[in-house]
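Subject: Structure for your review

Dear colleague,

I am handing over the structure we spoke about, with the sequence alongside, so please have both open while you read. My notes on what was found follow below.

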Amino acid sequence: MGSSDSKLNFRKAVIQLTTKTQPVEATEDAFWDQFWADTTITVQDVFALVPAAEIRAVREESPSNLATLCYKAVEKLVQGAESGCPTDREKQVILNCTRILTRILPYIFEDQDWRGFFWSTVPGAGHAGLDDDDGARPLAESLLLAIADLLFCPDFTVHSHRRGPDSVENMQSLDSCEYIWEAGVGFAQSPPLNYIHDLNRAELLRLLLTCFSEAMYLPPSPDNSVLNPWVTFFCSTENRHALPLFTSLLNVVCAYDPVGYGIPYNHLLFADYREQLVEQAVQILIVTLEHDGGNAGPENLFVNYLSRIHREEDFDFVLKGLARLLTNPLAQTYLPHSTKKIQFHQELLVLFWKLCDFNKKFLFFVLKSSDVLDVLVPILYYLNDARADQSRVGLMHIGVFILLLLSGERNFGVRLNKPYSLHVPMDIPVFTGTHADLLIVVFHKIITTGHQRLQPLFDCLLTIIVNVSPYLKSLSMVAANKLLHLLEAFSTTWFLFSTVQNHHLVFFLLEAFNNIIQYQFDGNCNLVYAIIRKRNVFHQLANLPSDPATIQKALQRKKKSPDVISRTSSQETVSMEGSRPAVPAEPGTLKASLVAMPGIDKLTEKSQVSEDGTMVSIPKLDSPQTVHSDQSAAAGTSDTESNSGRDNEVGALLLSPCILSWKCKLPLQTIMRLLQVLVPQVEKICIDKLVSYESEILKFLQHGTLVGLLPVPHPILIRKYQANAGTAMWFRTYMWGVVYLRNVDPPIWYDTDVRLFEIQRM
């Protein structure tokens, strides 16, 4: 009964607030205390009992009352942070104020006139404990410092170290480094689990995330020097808890084990309070790590601490923790739904990206051993699983970005030669081979059976294959056939002519073949055999037409066969056991829009590998600009059937000089020489032995050599990922879109006027 009374009283207070046209003075404590003093309501109750329309009505019609409500709630948090909340009643007041502010803040941010409110000082607030020695602080600073203090409040969010029942810990002199939440990086003791503390931390982190979300209400801006004032202040030296809080968040995430003791169905029997905390922690981490203060403002301490982690055991703890969580949804069990599946893998991928980006020592540690494969396999699983679902196009991008970053390092290519023996249930053909084969087979599946909007990623996928190709010791027959099938599909006349930049895809594939032939000929008899079998594809490329009439005929033919890539000619075989096909999004699924992704020439910087293995950067030449946008896939795709014959004619005339310019640069010499030498020998074997089966030919190719017969090996070119304003903007919209869509209970930002991205219903 008490609970329903609380809700009723709280609702009455809200109605009073919305119906009062006269300002209520800040000194009328009896009125304001109704919102937090004697009520015990959950955050879900607050969202239900304070409707959006009423918050907006108060904001428009009695702004001073809304301002006072915010100010009084912050005042309570500041008082609680100073006193240390010794009583249960004070703890309840803190939680209620936290929930109310979480509900109200998005409506402050959505109105441009209100956005500066929290950064102003409240007149006459000096007596309320919100002031500093130098005068009153802005409300936002008081709020952020109070949250930071409360996250290390003994008996509320951390275990008390009190010696006796009467001793009280002084919040001002408390050393929060002794109260880090979990063992791991830089902290050895693991405090006992306390689910009440976990719940209280999660509530405060949710409010902190809401404070940071002002970024959602500003339109996308390519200017990367515009910093989020909330994050900037919170991650500055003003926050005395910055180090222990960063450490607590990172350790809580990396130490979390959703499987626990591995008892089947344990997640159905016991509530896991840590999961909610881990989700909030990883979201706070990726949001605070978004901005490297750099020259644009004060140093971001979270970025600083992340970049300075250097001990091997710390790297090991972080990498194993992230790999454990990323692999969790892949786990196969004989009992259906018997293990807990986490849902925050997108946030984990962004965190892994940030670690590799800001801490080069961590990146080298990841690539030093085969542990990188523990991250690679789940990424390939997610890419394969999400390829048909347009609501997960952002997940596809982040996965590919990470692989592009890793592929710029030689060690990644070397690690891919490790045999693949796991049994992850993926909807791909069964093969026996290495992790390189897995990567190629998954990429082929994405290109041939993914949805339309993935076409801008084709360049990235093939760049990754080119980057690792010089190190691949032996491709399986399945992977070799997949690569040849891609070349066959991309070199069809109409696909090459349908847009100005489609020929790049053929160049990438030829470069990958050349790398393998020149640097890894021994051991790659499967690929050489596949090239010999499909030799007509290379002959057709060498004899491409370039006159407008033939081009136009090819474009006309395209209308009759509009599919971008022929899927039937790929020899699909039985899929892996236990796999389910990738499915499109359910109708009604929400998705956040993304800004355009820069083209591959903006995303990467070419480096040449010299003989001693070091990389030398190659200066950029003026190349034709390639523009990729998330909204419009390249023009020559199957849903652009509206091209009239006249457009085709114009296209043919425009393309004609372009084709002449790149046709003569096709890197076919190595493959043509290989065919010239090997085809007669293979044909002779078939005639002499009257055989045409593969094993004899493969045996011959395995022991064959082309030493001295091929052109001089070309230098290895690696295209390394390069950060730029375009990708920074893409990351910001993607990350906040994920945070928006993942916070549905309560729905913090739902139905507010977000401007960084659009929310669309599928």
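Arg 56 and Glu 110 form a salt bridge, in which the closest N and O atoms are 2.7 Å apart. Since Arg 56 sits in helix 4 (residues 52-61) and Glu 110 in the loop between helix 6 and strand 1, the pair ties together parts that are 54 residues apart in sequence. Please bear in mind throughout that this is a predicted model.

The two partners differ in their surroundings: Arg 56 is partly exposed, with a relative accessible area of 26%, whereas Glu 110 is buried, at 11%. The loop that holds Glu 110 runs between helix 6 (88-109) and strand 1 (131-132), and the residues that Glu 110 touches, leaving aside those up to four places away in sequence, are Arg 56, Arg 59, Arg 115, Tyr 217, Thr 752 and Asp 753. Another distance that may be of use to you is the one from Glu 110 to Met 216, which are 106 residues apart in sequence and 8.8 Å apart in space, C-alpha to C-alpha. The pair of Arg 56 and Glu 110 also belongs to a network of salt bridges that links Arg 56, Arg 59, Glu 60, Glu 110 and Asp 111.

Over the whole structure, the search finds 30 salt bridges. As general background, side chains of opposite charge can pair when their charged atoms come close. One of the salt bridges joins Arg 274 to Asp 198, with the closest N and O atoms 2.8 Å apart; because Arg 274 lies in helix 12 (residues 273-288) and Asp 198 in helix 8 (residues 195-212), this pair ties together parts that are 76 residues apart in sequence. Both Arg 274 and Asp 198 are buried. Glu 141 and Arg 137 likewise meet through their side chains in a salt bridge, at 2.5 Å from N to O, and here Glu 141 is buried with a relative accessible area of 15%, while Arg 137 counts as buried at 18%.

Turning to the cysteines, how many disulfides does a search of the whole structure find? The search finds zero. For Cys 153, the closest cysteine sulfur is that of Cys 85, at 4.3 Å, which is too far for a bond, given that a disulfide requires the sulfur atoms to be within 2.5 Å. Cys 153 counts as buried, at 0% relative accessibility, whereas Cys 177 is partly exposed, with a relative accessible area of 33%.

With best regards

How values were computed. Residues numbered from 1 in each chain as written. Predicted model: local features only at pLDDT ≥ 70, side-chain atom pairs only at ≥ 80, totals over all residues. Heavy atoms only, no water. Helix = DSSP H or I, 4+ residues; strand = E, 2+ residues; numbered from the N terminus. Contact = heavy atoms within 4.5 Å. Buried < 20%, exposed > 50% of the residue type's maximum accessible area, 1.4 Å probe, protein only. Salt bridge = Lys/Arg side-chain N within 4 Å of Asp/Glu carboxyl O.
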